[in-house]
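User: I am new to reading protein models and would like a close look at a single part of this one, explained step by step. Please choose a helix or a strand and follow it into its surroundings.

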Amino acid sequence: MTLFYKLYQPLRSHFYKFNINTYVLSKQSYSAKKIVHLETLITKDDIYEEMKSDLSTVEWKRIREKILQKNTEITPSIVDSIIIDMCVKYFHVNNAIAYFKFLRENNYSLNAGVIGKYLKLYILKQNSLTNADKIEIVETYNDLMQKYQYLDSVTAEECIISLCLTDEWEKTQDIIEMVKITTSPGSAIYSALASAAFRNGKPNIAWKTLTDIVLRKQIPQKNIYLSHLQYCLLENAKFFNNRLEEMFHFWIKHSIIPYDQIIRAYANTAIKYGWSSDRVTISKKTGNCQHCGNFLSKITFSKDEFQKLAKCVMDKVIIGSDIYNKTNPKELLKFKEFIENTKPFDVVIDGLNLTYMNLSAPKLHLLINIVEHFKKRGKKVLVLTRKHQRKLSEFKHIERNAFVFLIDNLSADDPYILYATMACGMNAMFVSSDLMRQHKYSLQNEDLQHKFKKWQFSHQYFIKFSATGMRIQDPFIYLPIVQKSDNCWHVPCVTEDLSKETLKEFYEFSDKWYCFKYNEKKMY
């Protein structure tokens with residue numbers, strides 16, 4: 001039930017990403033007459049077969065003219081982009097580069113899109129870049145900037161990522177500022193900069209950029225971690241260990257759960273510096289690691305810690321927020337009096353949230369089941385929901401088994417849930433699928449945000465649905481994030497659907513962990 005950022009880089013090569021993007025852009029060239037598919041151009045005649053060979057200037061010119069003649073819907077303004085895509089479709093990157101140089105040497109008109117696509121070709125061959133290639137990237141970028149004062153976001157991204165492969169990588173910070181004028185830079189841009197910064201020994205720039213990525217809810221791409229590992233290897237074992245732990249602390253700070261492939265790369269490298277590591281299963285019930293024998297940290301609050309957190313939540317989230325823009329002050333006062341007269345409750349349920357979780361079932365079916373679940377276990381239950389639900393005939397069943405407070409249909413219910421739960425003391429729990437993100441951020445203080453998150457870990461029930469039915473996910477006993485016990489680090493990991501490219505927040509306890517145990521005598 002923890003708030004994670006799933007951190008992983010899909011196992012796609014740069015080739016695959018290039019083909020997906022450019023194929024979508026140029027597989028269909030629109031005209032008033034019809035749509036042209038890139039695949040059709042490749043297969044309908046022998047042009048593509050010719051393009052696989054090393055071609056002279058005369059041959060490239062003939063192929064370009066042949067495509068224009070046979071496909072009247074393709075214009076000179078888009079034909080060059082299409083030919084580059086045709087080359088790249090089956091990984092003939094050097095041919096695409098040769099075609100662009102043919103265009104440039106013969107003074108064809110080159111727009112920013114074609115130049116940007118040319119620079120992206122060097123990203124595809126980044127593992128075999130020569131010094132001449134790097135000089136070509138820089139000179140092409142400089143020529144582009146002399147021709148255009150501003151770049152579109154796609155071309156700018158291609159410039160940034162390719163420049164980050166050269167010694168002129170720091171120039172990209174100015175291009176990023178230009179991109180910000182019209183759009184929000186994506187993860188690929190920031191990841192390229194952070195990777196270059198680590199690779200070139202500028203950790204301050206790298207950490208700042210990596211932090212920007214996470215704060216923007218984007219995915220830090222795999223190249224950052226490969227470059228960070230290279231950076232860790234620059235000096236002695238002490239330097240490696242300090243830099244490794246620096247990354248672990250970053251993951252703690254931002255509640256990051258790394259993808260399995262990333263943490264495995266760190267584990268394989270750490271072995272050379274006195275670490276033993278093992279991929280282990282840790283139960284959320286026991287918290288015990290079989291590799292080192294240690295336990296995960298239990299989530300605990302002293303009475304004083306809880307009271308301070310509760311006061312801050314009351315002051316900043318409930319009283320200091322914009323709640324009065326979303327609810328009636330008289331209603332809030334009435335609610336506080338209700339809580340004082342009826343508390344303590346064992347469980348506070350977000351009734352509206354549960355009502356709309358399972359739209360295939362009758363409206364109050366899930367809510368009734370959850371109320372009965374806790375009632376059978378001897379719990380004193382409070383249901384917070386909207387006034388309009390009282391019109392439903394089944395609602396009387398809820399009122400017989402729980403205390404109910406009805407708020408206005410336009411009121412914000414999250415602050416009521418938090419107030420009621422915290423007002424009932426350290427042992428009160430709540431049921432909601434809401435992650436309460438906005439309320440955590442409104443605390444502003446970083447230490448308070450972490451404590452609020454810990455409180456959530458240990459006090460929030462979630463309702464989960466699967467093919468086998470519904471289950472109630474209990475609050476956690478142990479911290480479900482990266483943590484250190486004595487000389488051992490425990491790092492949870494995820495192995496999720498690689499087709500998903502969004503940075504998600506979710507509440508789960510990973511049962512897959514890596515245990516890192518340091519033993520100086522084992523250094524190789």
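Analyst: What follows starts from one strand and its partners, and then turns to a helix and to some loops for contrast.

The model is a predicted one, and the part to look at closely is strand S13, residues 488-492. Five of the five residues of S13 are buried, so the strand is largely enclosed by the rest of the structure. In a regular strand the side chains alternate between the two faces of the sheet. In S13, Cys488, His490 and Pro492 point one way, whereas Trp489 and Val491 point the other way, and all are buried. Both sides of S13 therefore carry buried residues, if buried is taken to mean under 20% relative accessible area.

Which strands pair with S13? One partner is strand S12, residues 483-485, which pairs with S13 in the antiparallel sense over three bridges. Within this pairing Ser485 stands opposite Cys488 in S13. The two strands S12 and S13 form a hairpin with two residues between them, and in that turn Asp486 has a positive phi of about 55°. Another partner is strand S15, residues 512-518, which runs antiparallel to S13 and is joined to it by five bridges. Here Trp489 of S13 stands opposite Phe516 in S15.

A helix makes a useful contrast. Helix H18 covers 14 residues, 329-342, and at 1.5 Å a residue it should span 20 Å, which agrees with the 20 Å between its end C-alpha atoms. Its buried residues are Glu331, Leu332, Phe335, Phe338, Ile339 and Thr342. These residues cover an arc of only 120° around the axis, which puts them on the same side of H18. The face turned away from that buried side carries the exposed residues Lys330, Leu333, Lys334 and Asn341. In S13, by comparison, the residues pointing one way and those pointing the other way are all buried.

Helix H15, residues 260-270, also belongs in this picture: eight of its 11 residues are buried, so H15 is largely enclosed by the rest of the structure. Among the buried residues of H15 are Asp260, Ile262, Tyr266 and Ala270.

The positive phi in the hairpin turn leads on to the backbone elsewhere. Most residues other than glycine have a negative phi, and most peptide bonds are trans. Asn107 has a positive phi of about 60° although it is not a glycine, and it lies in the loop between helix H6 and helix H7. Ser255 likewise is not a glycine and has a positive phi, of about 50°; its place is in the loop between helix H14 and strand S4. Are these two residues buried or exposed? Asn107 counts as exposed, at 70% relative accessibility, while Ser255 counts as buried, at 2%. As for the peptide bonds, a cis bond joins Lys343 and Pro344, with omega about 5°, and Pro344 is found in the loop between H18 and strand S6.

To return to the starting point, S13 is a strand whose five residues are buried, with S12 joined to it in a hairpin and S15 running antiparallel to it.

How values were computed:
Residues numbered from 1 in each chain as written. Predicted model: local features only at pLDDT ≥ 70, side-chain atom pairs only at ≥ 80, totals over all residues. Heavy atoms only, no water. Helix = DSSP H or I, 4+ residues; strand = E, 2+ residues; numbered from the N terminus. Expected span 1.5 Å × (residues − 1). Buried < 20%, exposed > 50% of the residue type's maximum accessible area, 1.4 Å probe, protein only. Arc of directions from axis to C-beta. Pairing = 2+ DSSP bridges.
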